[in-house]
Amino acid sequence: MRSRVLIWVIVIVALTFGASMTVGAQDRPDLLIWADNTRAPALQPLVEQFSADFGVSAEVQEIGMGDIRSNLPVAGPAGEGPDILIAAHDWIGELVLNGSVVPLDLGDKAAEFSTAALNLFTYGDALYGMPYAVENVAFFRNPDLVPDAPATWDDVKAISEQLVADGKSQYGFLPQGGDPYHFFPIMSAFGGYVFGLDENGNYNANDIGIDSEGAIASAEWLSSMVQAGLIPAALDYDTMLTNFETGAAAMVITGPWALPRLKENGANYVISEIPAGPAGPGRPFIGGQGFMISAFSENQLLAEAFLLDFMAAPEPMQALYDADPRPPAYLAVRESLNDPDLIAFDQAGAVGVPQPSIPAMTSVWGSWGSAVGFLITQEVTADEAFKSAAEQIRTLIGGGELPAAPVTVVGDQPPADGPQAVSIPGTIQSAAGCSGDWAPECENTQLAYNANSDVWLGSFTLPAGDYEYKVTLNNAWDENYGGMADRDGANVALSLAEETVVTFVFDYKSKWVADSVNKVIATVPGSYQAAIGCSADWSPDCLRSWLQDPDGDGVYVFTTTAIPAGDYEAKVAVNLSWDLNYGADGARDGANIAFNVPADGAEVTFSFDSATNTLTISAGG
Amino acid sequence: MAATGTRARSSPPEDHVTRAQGSDNTLMLVLRLGGVALFAVIAFWLAFNVFQDGNPFLSITLALISVGVIIINLRHDLWPIRWMQPGLVLLALLVIYPMFYTVYIAFTNFSDGHRYTKEAAVELMGQTKYLPEGGTSYAWNVFRSEAGDYALWLTAEDGSSFFAVPEQTLQPVTPNESGDAPYNDDGIPATLNGYTLLEGGERFRALNDIQDMQFGTDEQPIGIKSRNEAGAFESRWVFDAAQNAVIDRETNTPYFANDSTGDFVAADGTTAPLGYWVPIGLQNFTRIFTSIAVTGPLIRVLLWTFAFAFFSVLTSFALGLSVALMLNNTSTGARIFKSLMIIPYAIPGMISILIWRGMLNPNGGVITTTIQNTFGWAPPWYTDPGWAKAAIILVNLWLSFPYFMLICTGALQAIDTSIYEAADVDGANRSTKFWRLTLPLLLVIVGPLLIASFTYNFNNYLLIEALFQGGPTMAGTAAPPVGHTDNLISYTFRFAFGSGGSRDFGFASAIAIFIFIMVGIMTFFQFRLTKRWEEVN
């Protein structure tokens, strides 16, 4: 009896193992995509179209956004994982740490995406994803209560006090409680930062700026708002927006995700740039979403081809945008963007910095958030809250062996054959929060390279006073210029009658530096601009058409040979916007000035006389 | 039993039991063996797949359970166990296996960055390709012959082009000349040497076939690296068993395996991109005692954990019992009232908690606003540690008093009413009767449930996390941030996963064992206590 049982057991086990071997391989589509509940419905029709057009089986699987990140290293090795995943850029650090994603070579397709978006998905020296959307927060105000956008955070406080004193609204500006992500734009305006940069311009996990002077100054600002009774306790996203919608609050900081709700509730709002602080404009974090390829995928080549040869085209990208409108990363869709709200977000994001994607960032949120929370509850002083948070973060980062993985940040990557850094040393520096004057290496007066315009740019808020400055390359005195594009030339004097946001522009090609007080920062927007490398025609902010005056005679000149033969129109715009512009005969808001370029390669000279505001255009043969 | 027993899959016919053992009729034997065989096929297929997915422990567990089930169903002397087997299987799979696995993980460094075995880590790193010095990278297009063989048209950056077929030397070709028209924009012909250029869907479908193929000869191999590049790419990271190291071939640096920390480390101290998991002995446990216990505010967290569990049970039992006593009659009103009282218990806890969170919100929450309007002052539930704790106990009272009301109602029925008559004779008043008779007798019945409830609340993560996320935050603690209302489980969760950088599963498992031991000790003493109550009976 017993032996019979044993034989049965052995036979059954043997048979089933045999059977298992043959059924082991499971049916799965050639291409499996993990997307969250907002992206999955948007991708579904595209993937179906791809399947139908090319005869490759492809499927979208809906997975919670957070689960995509944590399930990948579990499902991947088990063969259950996706080939492609929708991911947020700040997961890259963790995903790379676990070897879960592979670099993606966009090749010539890279030119079809915005540089800022590609920077977000670059980690170390490799690109890990194909971006499709970029996001940042911006400053919202109720135009009935606050007609003009406040320039600085001190203005925000003054306006808030006035509104409450006049009984026009219950609160002025409301923060999103102790949320650090929404506090960062304020913190950066005061010169605070999360991670400093290493010599390659990458985030450095060993340089924590939560207790930097600027960060504490911003904390003190928020703390003073609370002490003045302008900010109630226990705000969250919902209460903040409800207050804004009902007019109980006049100003908030929030992102594009709030737009559907604000519109539905009929909120009266205007979106503008983040107000500036002593250290320059308020810089929001820039975040991005995109596609990544799983390291566990067996069909990586097909996955790459799907992304590069199918998705990276205007129609699929447009379809994705239509189904889930977020500021797109794909240039063709971005240029046709006509939603004024998203354009305003884009402008607020122009000075943004990438949200760090290094793994150390996960150690920052909790402690940093508590510190901001303490400002609202006033349990400890601003100084103490931020210093102790920074200590906590240092302990956490020191405790876990986190690789100081590099990421590319701030502005665009300057060309290798030019300077890698440009700064404005001078007596303005102590006013801008530097520890001393005439220090080229101080972070607060660095200009950022703008690839679109091929110039270096920076704006700093300076108190009234008389200053001097120069411009230095590569953070050293070896190569420095005065105000006449003269190497080792004289200091430039700068006198401010009141607190002013001063913009500095430096062109490495002409070596000329200009500030927006002494000089007129003027461009020639026109129908020719795309031809000279601007992102679009009629762009007042494209400094490729910058009018320069190195000799200081008041006549600003811009010369180019890059305009193809044809008929064009142009105007002059001051301070990179249409607010102040001159047309024919020097008339403000005057008519466009027409000109003709007789042949390709002909030299065209635009000269602008700042005394009469007239623009003269001459095209030589 | 024969009449009511359900036919479990693979269980014998019911009347089998009543017959003498060993007198199987053939049909029943075949049915039974067929059932067992079917079960075995499914179970072993599952075990095999789990094994293939790289989870040998779960696979072995499944196989052992399956063998056990088969033996139980084949041996006549084990037939009584057949009725318990679903329970036993679930016990083994969902309780015993995870326990052993957790204990095992607690002794390893399984965490972000160390998630794979050494072999898997080396294999993953092997995916990174590099181009050895002097190699050329080509753009490629794929061709296929009638016979289904593939070939590549390669274009180097300098414009020179080649046609690559497996096991043949590269054949130089010229755009717009070699092969047969029509040529495409890049000058690549539609057909060449009997191969046809693949485009559209045909190209997409060919990709899986060609991604690991080698074109050209072994001396000049061409492999496809990505959609944009093909060439003599090689794996950048290669494991060298002789040195027990992975070699970065691009720089020729060996990264030596450190099998006690699970890292590949170079001479200059840098580590390879991936680590692997290894047993690390008691390190996770020593870390609990050197980091949390010593540096963290563990005592404060522990005190609050006990206080929360104790007051939760006390308040909800007191309220539940009071309501049960008040409604201890069978009138329609009492029955309707009792049904209504069950509602808080019937609504999913998560929803109730979020509703309470909204009602307590200092900005327009209905409770806070009402108190504010009535008294001109409202408790700062969100921001004051004391009030936050009070709010948590209040919400937990709402969530759990119906449970105690239900069991007390039942327990009250079980008390012999004759003892009250005896008490009346002795002249006892109502309060004496409650304190000296009802409560002691009730405690005997519900005592174990009180202990279970205490243990549950000791480990109550949902309420703490959903209501205030542990907030308000304590000032001036060491990392990670701790809230005044954090209990042991939410605090340790935060420590292991929350904001402590990468997720450390080994450490989290060690914490789980630590909590298990604490709860175990507590339960032991509580049962000793209930024994004393039982003596009252």
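Me: What makes the edges of the four-strand open sheet in chain A, order 9-12-8-13?
Reply: This is a predicted model, and its pairing in that sheet is mixed. Strand 9 (173-174) and strand 13 (270-272) of chain A each have a single partner strand, so one side of each is left without a neighbour in the sheet. That puts both at the edges.

Me: Why are strand 8 and strand 13 of chain A called a pair?
Reply: Pairing takes at least two bridges. Strand 8 (residues 138-141) and strand 13 of chain A have three, in the antiparallel sense, so they count as paired. One bridge partner to look at is A:I271 in strand 13 of chain A, which goes with A:F140.

Me: Which strands does helix 6 of chain A touch when it packs on the sheet?
Reply: Helix 6 (residues 153-165) of chain A touches strand 8, strand 9 and strand 12 (251-254) of chain A. Its direction makes about 135 degrees with that of strand 12 of chain A. Helix 14 (residues 340-349) of chain A packs on the sheet too, touching strand 8, strand 12 and strand 13 of chain A.

Me: Why is B:R227 with A:D309 called a salt bridge?
Reply: The cut-off is 4 Å between nitrogen and carboxyl oxygen. The closest N and O atoms of B:R227 and A:D309 are 2.5 Å apart, so the pair qualifies. The rule finds two salt bridges across the interface of chain B and chain A.

Me: Which element gives the largest share of chain B's side of that interface?
Reply: Helix 2 of chain B, with 11 residues. By class, that side has 28 nonpolar, 22 polar and 10 charged residues.

Notes. Residues numbered from 1 in each chain as written. Chains lettered and ligands numbered in written order. Predicted model: local features only at pLDDT ≥ 70, side-chain atom pairs only at ≥ 80, totals over all residues. Heavy atoms only, no water. Salt bridge = Lys/Arg side-chain N within 4 Å of Asp/Glu carboxyl O. Helix = DSSP H or I, 4+ residues; strand = E, 2+ residues; numbered from the N terminus. Nonpolar A, V, L, I, M, F, W, Y, C, P; charged D, E, K, R; others polar. Contact = heavy atoms within 4.5 Å. Axes fitted to C-alpha atoms, helices over the stretch in contact; angles between N-to-C directions.
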